[in-house]
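Biologist: Please take a close look at the charged side chains of this model and at how they are paired. I would like one connected account that also takes in the aromatic rings and the setting in which these contacts are found.

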Amino acid sequence: MAIKPGSVLLKRLGYALKLILSVVITWLVFRKINLSDVLEGIAAIPPALAALILVISLLRHYLQYQNWWLALQMNPGFIAKRRDIQCSYLIGNFLRFLLPGGHGTFGKVFFIKNSSKTATAVAVTSERAAQTWAVFLFAALGASYYYLDWAVELRILLLGFIAIFPLLLWIPVRYHPAFSEVREGYRRDLPWMLLIQICTNLLTMLQYWLLLSLMLKISFPQTVLRMSLVQFSDTIPITISGLGLREGFAVHFLEDAGVTAKQAVTATLGLFIFQDLIPGLVGLPFFLTHKKSSAKEG
């Protein structure tokens, strides 16, 4: 099906606007601090600690890859080599920079063969839903601690609803005929996918704690409760890969814990480099290679 030029223009215009918004929000955050001080703080991270954070990032991405593999297995008609799945995951790490909120990762649906594009779309949607669920769960936990002016009943209700939401989704999956093909896969794989996402979020919190502990004394539970609210910014699709928005959230939620704006931004920007930028650059050559091979086949 041909893509209309007007549709392409609107998408490019939308991306340009989001890019401008990313720059504006980032400028609003950095006008209060000296960017060179932040970069110096990142450069001053001891090599041993930098290596540890990078290793944790590799472990986290391995778990995320396993999550993608499980999501694909929900479709009983899916058949692909592990190498192809690995390539599509690496390409997804690059594509997440192309749309706000990391939604560009959905584009990896076009880099893996499946019984149908719809089946792969279901897989990538399930993977993203599991990731979002874990972020919301941790954010609800952080909110129940941070927003003490909220009624206790409201905080418990919010946390409980998010916790059992995957079980509520089982009702339509179990009984609606449209989900008959993925029903068994949902029942079998989704619990593992949710567990993986909880583990990846805890690994991210560990990385934040290691970075913040380098600059001040802060406990791991305090880091989890506050940075979980910061991670929630990744689900708001208004900037490219959460840039600027995440830093603004960090400055706000860490301020009353004695963390300066410079320290907060150093931690978030430092982890962005290890967690997102480096893996994205690793995925770039796989993306370019796939485009060249597709062009030759065409």
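Modeller: In this predicted model, R187 and E184 are 3 residues apart in helix α7, which means that about one helical turn separates them. The two side chains form a salt bridge, in which the closest N and O atoms are 2.3 Å apart. R187 has a relative accessibility of 47% and counts as partly exposed, and E184, with a relative accessible area of 42%, is partly exposed as well. In each case the value falls in the intermediate class because buried is reserved for residues under 20% and exposed for those over 50%.

This bridge is one of 5 salt bridges that the structure holds. Another joins D256 to R226, with 2.5 Å between the closest N and O atoms. Here the pair links distant parts of the chain, since D256 belongs to the loop between α9 and α10 (261–297), while R226 lies in helix α8 (residues 220–231), and the partners are 30 residues apart. Their surroundings also contrast: D256 counts as exposed at 52% relative accessibility, whereas R226 is buried, with a relative accessible area of 5%.

R246 forms a further salt bridge, with D234 as its partner and a separation of 3.0 Å between the closest N and O atoms. R246 lies in helix α9 and D234 in the loop between α8 and α9, so this pair ties together parts of the chain that are 12 residues apart in sequence. R246 is buried at 3% relative accessibility, and D234 is partly exposed, at 22%. The contact does not stand alone, as salt bridges with shared partners join D234, R246 and E247 into one network.

What of R60, a charged residue that is buried but has no salt bridge? R60 is found in helix α3 (residues 47–73), and the nearest side chain of opposite charge, that of D276, is 5.5 Å away. That distance leaves the pair outside the count, because a salt bridge requires a side-chain nitrogen of Lys or Arg within 4 Å of a carboxyl oxygen of Asp or Glu. If neighbours within four places in sequence are left aside, the residues in contact with R60 are T200, L203, T204, Q207 and Q275.

Arginine side chains also meet aromatic rings in this model, as two cases show. R82 lies over the face of W69, at 4.3 Å from the ring centre. The charged end of R174, in turn, sits over the ring of Y175, and the distance to the centre of that ring is 5.2 Å.

The rings also pair with one another, and a search of the whole structure finds 11 aromatic pairs. One of them is made by W170 and Y186, which are stacked, with 5.8 Å from centre to centre and 20° between the planes. W170 lies in helix α6 (residues 152–175) and Y186 in helix α7 (residues 183–213), so the pair ties together parts of the chain that are 16 residues apart in sequence. W170 counts as partly exposed, with a relative accessibility of 26%, while Y186 is buried, with a relative accessible area of 12%. F249 and F253 form a pair that is tilted, with ring centres 5.9 Å apart and planes at 55°. These two residues lie in helix α9 (residues 245–254), 4 residues apart, or about one turn of the helix. F253 is buried, at 6% relative accessibility. Ring pairs extend this group further, linking Y146, Y147, W150, F249 and F253 into a cluster. Helix α9 thus holds R246 from the charged network and the F249 and F253 rings of the cluster.

As for the setting of these contacts, the protein has 10 helices and 0 strands. Of its 298 residues, 44% count as buried. Among contacts between residues at least 6 apart in sequence, 70% join residues at least 24 apart. The accessible surface comes to about 15800 Å², and carbon and sulfur atoms account for 72% of that area.

Methods:
Residues numbered from 1 in each chain as written. Predicted model: local features only at pLDDT ≥ 70, side-chain atom pairs only at ≥ 80, totals over all residues. Heavy atoms only, no water. Buried < 20%, exposed > 50% of the residue type's maximum accessible area, 1.4 Å probe, protein only. Lys, Arg positive; Asp, Glu negative; His and termini not counted. Contact = heavy atoms within 4.5 Å. Areas by Shrake-Rupley, 256 points an atom, 1.4 Å probe, with all protein chains shown as cover. Phe/Tyr/Trp six-rings, centres within 6.5 Å; stacked < 30°, edge-to-face > 60°. Lys NZ or Arg CZ within 6 Å of the ring centre and 35° of its normal.
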